[in-house]
Amino acid sequence: MRIITHTCSNCKTVIAGNVLEAKRVMECPGVECETVIRFDDLQVEDKEYFIKNKQDYEIN
Ligand SMILES: [Zn+2]
């Protein structure tokens with residue numbers, strides 16, 4: 001399975017795509033960074049990958 005990540009445009013902190021997929025909207029975890037990151041910020045192909053492979057990412 002692919003590893004999908006999103007890089008904050010402000011502070012370059014890398015956020016795991018599966019965390020973003022679960023939360024949908026989150027504040028950047030970077031130190032002193034308040035950028036709001038949305039699942040929709042992922043590239044289209046990455047979003048499609050999550051939608052197609054959603055069951056593989058569900059954490060119990
Ligand atoms: Zn950030």
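**Exercise 1. Work out the fold pattern and the overall dimensions of the chain.**

Walk along the sequence and the protein chain reads β-β-α-β-β-α-α, with helices (H or I, at least four residues) and strands (E, at least two) taken as DSSP runs numbered from the N terminus. That makes 3 helices and 4 strands. Next, the radius of gyration, taken over C-alpha atoms, is 11 Å, close to the 10 Å from the globule rule for 60 residues, so the chain is as compact as a globular protein of that length. The rule itself is 2.2 Å times the number of residues to the power 0.38. Along the principal axes, the C-alpha atoms fill a box of roughly 35 × 25 × 15 Å.

A word on the input: this is a predicted model, where local features need pLDDT of at least 70 and side-chain atom pairs count only at 80 or more, while totals for chains, interfaces and linings use all residues. Residues are numbered from 1 along each chain as its sequence is written.

**Exercise 2. Place Ile37 and describe its surroundings.**

Start with the element: Ile37 sits in strand E4, residues 36-38. Now count neighbours: Ile37 is buried because 25 C-beta atoms lie inside 10 Å (buried means 20 or more others within 10 Å, exposed 12 or fewer, partly exposed in between, with C-beta atoms placed from the backbone). Of the 60 residues, 12% count as buried.

Then list partners. Skipping neighbours within four places in sequence, Ile37 is in contact (C-beta atoms, placed from the backbone, within 7 Å) with His6, Cys8, Ile15, Leu20, Met26 and Cys28. Finally, Ser9 is 28 residues from Ile37 in sequence, with 9.3 Å between their C-alpha atoms.

How values were computed: Contact = placed C-beta atoms within 7 Å.
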